[in-house]
Amino acid sequence: MKESLRVIISGGGTGGHIFPAVSIANAIRLQHPDAKILFVGAEGRMEMQRVPAAGYEIIGLPVAGFDRKHLLRNISVLIKLMRSQLKARRIVKAFQPDVAVGVGGYASGPTLKVAGMMGIPTLIQEQNSYAGVTNKLLAKQASKICVAYEGMERFFDKEKIILTGNPVRQGLLQHNMSREDAVRSFQLDPAKKTVLIIGGSLGARTINNCVMQGLDKIRQSGVQFIWQTGKIYISEARAAVSRAGELPMLHTTDFIADMAAAYRAADLVISRAGAGSISELCLLGKPVILVPSPNVAEDHQTKNALALVNKEAALYVKDAEAGVKLLDTAIATVQQPDTLNKLSTNIAKLAFKDSANVIAGEVWKLAATYRKEHGR
Ligand SMILES: CC(=O)N[C@H]1[C@@H](OP(=O)(O)OP(=O)(O)OC[C@H]2O[C@@H](n3ccc(=O)[nH]c3=O)[C@H](O)[C@@H]2O)O[C@H](CO)[C@@H](O)[C@@H]1O
């Protein structure tokens with residue numbers, strides 16, 4: 001080949017979109033070490049920090065989501081969308097990709113739309129059991145659609161669908177830290193059972209409230225906790241902890257950069273049922289109590305969760321019941337080795353092992369055809 005492979009990857013908004021994108025980029029780099037990869041995200045969103053932290057260049061579009069409650073505000077959203085399309089066009093023209101990959105979220109809309117209009121092949125990756133709005137809009141012109149759940153032909157053309165599972169960051173699987181070192185890295189005691197509490201990439205209000213109201217219970221439990229609050233809840237959480245006094249058995253943080261260490265330290269996880277977290281928990285065989293968010297499109301987190309619960313691969317606490325049940329269930333379960341073993345064995349059976357590599361292979365196939373046609 002004359003020139004190196006050139007790929008645009010676009011999307012973001014939450015970790016659930018960003019981390020699969022990074023994982024696909026890493027797999028492309030492994031298969032094609034001289035590949036040029038450019039991310040296109042949304043200004044001010046999480047990807048603008050997380051993507052450079054993963055070692056990739058990103059350009060932001062001034063894009064924003066539609067406001068379904070205040071329709072008048074959408075005039076500015078429309079203007080931003082038009083400006084984003086113009087900017088996306090300039091980016092695609094200058095970068096000259098062989099293929100564009102969309103992972104869902106606002107930015108992937110304008111980017112993949114203009115790439116498609118310019119004749120560049122596009123691939124989209126849908127993480128959930130219910131298709132996102134942007135991916136549904138982009139599906140018509142997409143050449144391939146990589147999905148993580150069966151039954152996605154209700155949203156997409158059957159011929160384009162490939163069941164790949166969700167790509168997971170490679171660093172989560174390729175590490176050899178001991179449990180003791182992992183627990184110590186959170187300033188906790190390796191002799192104690194540890195519960196990891198994660199509320200998705202942005203944090204979860206209900207789960208945070210359970211912890212804030214249960215600080216005395218935590219103190220007396222004999223168990224220790226790693227608690228990720230999310231960026232917007234951290235000051236409230238820290239204030240509650242400092243009011244409660246010394247709590248050496250609780251590590252509080254807004255965001256965990258080293259999720260490999262957090263999972264390694266955990267004997268049990270409490271989590272929202274976002275697609276990314278579920279894929280990771282399956283691959284690592286982690287016992288988990290799922291508390292699906294009720295505030296997502298078509299209640300898709302409950303569907304994500306029930307797919308596991310029905311196979312006895314996870315415990316389930318409804319958001320509305322978390323206040324009375326969640327901490328008690330966690331404190332009891334983490335001290336029952338048989339239950340933990342059964343959950344771990346069953347959830348590991350649901351893992352997709354090689355998702356990022358399979359998707360990177362599909363990206364290359366599309367690019368290779370385009371390059372041949374364009375003499376690149
Ligand atoms: C509220 C909302 O809209 N949630 C959606 C969002 O989830 P959201 O982005 O919250 O969650 P996911 O579970 O998909 O992914 C979270 C990712 O963030 C990482 N992580 C999390 C916490 C932390 O401190 N550090 C860290 O690195 C996890 O390891 C995981 O890779 O996208 C998912 C995938 O489209 C959807 O299924 C969710 O419904």
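These notes cover a predicted model, from its ligand site to its annotated spans and some of its strands and helices.

1. Ligand shell. The ligand is surrounded by 23 residues. Gly15, Gly16, Gly200, Gly274 and Gly276 are the closest of them. Two elements each supply two or more residues to this shell: helix H1 (15-31) and helix H12 (275-284).

2. Shell chemistry. By class, the shell residues split into 14 polar, eight nonpolar and one charged. Glycine counts as polar in this scheme, a point to keep in mind when reading the polar count.

3. Position between domains. Where does the ligand lie relative to domain 1 and domain 2? Domain 1 takes in 6-166 + 353-373, and domain 2 takes in 171-348. Both contribute residues to the shell, so the ligand lies between them.

4. N-terminal annotation. An unreviewed UniProt entry assigns residues 7-145 to "domain: Glycosyltransferase family 28 N-terminal". This span is 45% helix and 19% strand. Its end C-alpha atoms are 16 Å apart.

5. C-terminal annotation. UniProt, again in an unreviewed entry, lists residues 194-357 as "domain: Glycosyl transferase family 28 C-terminal". Here helix makes up 49% and strand 14%. The end C-alpha atoms lie 33 Å apart.

6. Strands E1 and E2. Strand E1 (residues 6-10) runs parallel to E2, with five bridges joining the two. Within this pairing, Val7 stands opposite Ile37 of E2. Strand E2 itself (residues 36-42) is mostly covered, with six of its seven residues buried. Helix H1 connects to this part of the fold: E1, H1 and E2 form a right-handed β-α-β unit. H1 is also one of the elements named above for the ligand shell.

7. Strands E2 and E3. E2 pairs with strand E3 (residues 57-61) as well, again in the parallel sense and over five bridges. Gly41 has Gly60 in E3 as its bridge partner. Helix H2 (residues 47-53) carries the chain from E2 to E3, and this β-α-β crossover is right-handed.

8. Helix H4. Is helix H4 (residues 108-117) mostly covered or mostly open? H4 is mostly covered: eight of its ten residues are buried. The buried set runs through Ser108, Gly109, Pro110, Thr111, Leu112, Lys113, Val114 and Ala115. Lys113 is thus listed among the buried residues of H4. After H4 comes Gly119, which has a positive phi, near 85 degrees.

How values were computed:
Residues are numbered from 1 along each chain as its sequence is written. This is a predicted model: local features need pLDDT of at least 70, side-chain atom pairs count only at pLDDT 80 or more; totals for chains, interfaces and linings use all residues. A residue is near a molecule or strand if its C-beta atom, placed from the backbone, lies within 6 Å of it. Helices (H or I, at least four residues) and strands (E, at least two) are DSSP runs, numbered from the N terminus. Domain bounds come from an automatic or database domain assignment. UniProt positions are given in the numbering used here, feature names are shortened, and annotations may be inferred rather than shown by experiment. A residue is buried if 20 or more other C-beta atoms lie within 10 Å of its own, exposed if 12 or fewer, and partly exposed in between; C-beta atoms are placed from the backbone. Two strands pair if DSSP finds at least two bridges between them. A crossover is right-handed if, with the strands pointing away from the viewer, the path from the first strand over the helix to the second runs clockwise.
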